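Please look at the sequence and the model before reading on, and keep both in view while you work through this report.

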Amino acid sequence: NRSPEFGARASGLMSAVLPSLEFRLPIAPTPSFYHRIRFFCAALRRLGPGYADAPVQVTVGDRADMERVRTENRWSENFPIQWHRVPDELCEKHGYFGTSDFRYFLPESKADLVILADADTAVVRPLGDALTWMLRDEASIAGHMAHGPPPVTVRAKPEMKSADLGPYLFGEFSIHRPGRPGGAPMARRGGVPLVAGCPHAGWGV
């Protein structure tokens with residue numbers, strides 16, 4: 001096992017290329033989710049500057065009692081965490097998806113990159129320059145799906161299989177399909193540039 005000092009040294013070596021980060025995670029107000037958030041923050045702290053001081057914004061759904069959330073998570077006072085209550089109507093209408101999507105409604109970040117992550121993930125090694133390809137002079141969205149194509153139905157093409165969704169979207173927006181994350185040129189939708197990664201399964205990435 002490597003010590004926290006190792007993580008701090010490794011982070012320092014890469015600080016010149018590491019953009020400022022902010023993390024946003026969605027949870028339900030339960031002890032298991034609280035433990036995951038604590039682990040996530042502890043993992044960031046182990047990596048030293050650039051990670052330990054990165055803001056962690058947590059959206060809490062299921063009609064959360066925020067006073068109780070903060071009381072049950074006194075440990076969070078030692079981390080750069082902010083808890084955000086998801087509006088009841090959003091939870092009632094969209095369930096956990098509403099909790100997840102509420103991350104887009106949080107105040108604008110001052111970080112170079114905002115990473116939307118699940119609560120059961122953790123950053124365990126310095127990222128180095130792995131994310132610098134996402135940096136743009138204007139606001140943009142980048143992404144890479146984690147497990148496989150989403151099980152969705154395209155109304156315009158109900159016969160389409162989910163595995164064909166990626167190629168379909170690239171064709172619809174006239175975007176060259178990249179061979180690796182970050183290889184696609186930008187397209188626009190609603191005035192926001194889209195920086196698209198591979199839309200297919202992410203195994204082995």
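The report below goes from the overall fold to the central sheet, and then to charged residues, the surface and some backbone details.

## Overall fold

The structure shown here is a predicted model. Its protein chain has six helices and seven strands, and when the chain is read along the sequence these elements follow the pattern α-β-α-β-α-β-α-α-β-β-α-β-β. Of the 205 residues in the protein chain, 36% are buried.

## The four-stranded sheet

Four strands form an open sheet with parallel pairing, and their order across the sheet is E3-E2-E1-E4. Strand E3 (81-85) and strand E4 stand at the edges, and because each has a single partner strand, one side of each is left without a neighbour in the sheet. Neighbouring strands of this sheet are turned against each other by 20 degrees on average, with direction ignored.

Strand E1, which covers residues 21-27, pairs with E4 in the parallel sense over four bridges, and E1 also pairs with E2 in the parallel sense, over five bridges. Individual residues show how these pairings work: Arg24 has Leu116 as its bridge partner in E4, while Leu25 has Val58 as its bridge partner in E2.

Is strand E2 mostly covered or mostly open? Strand E2 (residues 56-60) is mostly covered, since five of its five residues are buried. In a regular strand the side chains alternate between the two faces of the sheet. In E2, Val56, Val58 and Val60 point one way and Gln57 and Thr59 point the other way, and all of them are buried.

## Salt bridges

How many salt bridges does the count come to? The count comes to six salt bridges, and the table lists some of the pairs, with the distance between their nitrogen and oxygen atoms.

| Pair | N to O distance |
|---|---|
| Arg24 and Glu22 | 2.7 Å |
| Arg68 and Glu72 | 2.6 Å |
| Arg74 and Glu77 | 3.4 Å |

The surroundings of these residues are worth following one by one. Arg24 is buried, with a relative accessible area of 8%, and its salt-bridge partner Glu22 also counts as buried, at 5% relative accessibility. Arg68, in contrast, is exposed, with a relative accessible area of 55%, whereas Glu72 counts as partly exposed at 37% relative accessibility. Glu77, which forms a salt bridge with Arg74, counts as exposed at 59% relative accessibility. Apart from such pairs, there is also a network of salt bridges, which links Arg63, Arg85, Asp88 and Glu92.

## A nonpolar patch and the cysteines

Which residues make the nonpolar surface patch of about 430 Å²? The patch is made by Tyr104, Phe105, Val114 and Leu116. Val114 is found in strand E4 (residues 113-116), and E4 is one of the strands at the edges of the sheet. Val114 is partly exposed because its relative accessible area is 36%, and partly exposed is the class between the cut-offs of 20% and 50%. Leu116 therefore has two parts to play in this description, since Leu116 belongs to the patch and is the bridge partner of Arg24 in E4.The count of disulfides comes to zero. Cys41 counts as buried at 3% relative accessibility, and Cys91 is buried as well, with a relative accessible area of 11%.

## Backbone details

Most residues other than glycine have a negative phi, and most peptide bonds are trans. Asp62, although it is not a glycine, has a positive phi of about 60 degrees, and Arg63, which is not a glycine either, has a positive phi of about 50 degrees. Asp62 is found in the loop between E2 and helix H3 (66-71), and Arg63 is found in the loop between E2 and H3 too. Asp62 counts as exposed, at 53% relative accessibility, while Arg63 is one of the residues linked in the network of salt bridges.

Further along the chain, helix H6 covers residues 165-172, and its buried residues are Leu165, Gly166, Tyr168 and Phe170. Just after H6, Ser174 takes a positive phi of about 55 degrees.

Methods: Residues are numbered from 1 along each chain as its sequence is written. This is a predicted model: local features need pLDDT of at least 70, side-chain atom pairs count only at pLDDT 80 or more; totals for chains, interfaces and linings use all residues. Side-chain values use heavy atoms; hydrogens and water are left out. Patches are made of residues with over 30% relative accessible area and no salt bridge: like charges are joined within 9 Å, nonpolar side chains (Val, Leu, Ile, Met, Phe, Trp, Tyr) within 5 Å. Accessible areas come from the Shrake-Rupley method with a 1.4 Å probe; for residues, only the protein chains shown count as cover. A salt bridge is a side-chain nitrogen of Lys or Arg within 4 Å of a carboxyl oxygen of Asp or Glu. Buried means under 20% relative accessible area, exposed over 50%, partly exposed in between (1.4 Å probe, protein chains only). A disulfide is a pair of cysteine sulfur atoms within 2.5 Å. Two strands pair if DSSP finds at least two bridges between them. Axes are lines fitted to C-alpha atoms, for helices over the stretch in contact, and angles run from 0 to 180 degrees between N-to-C directions.
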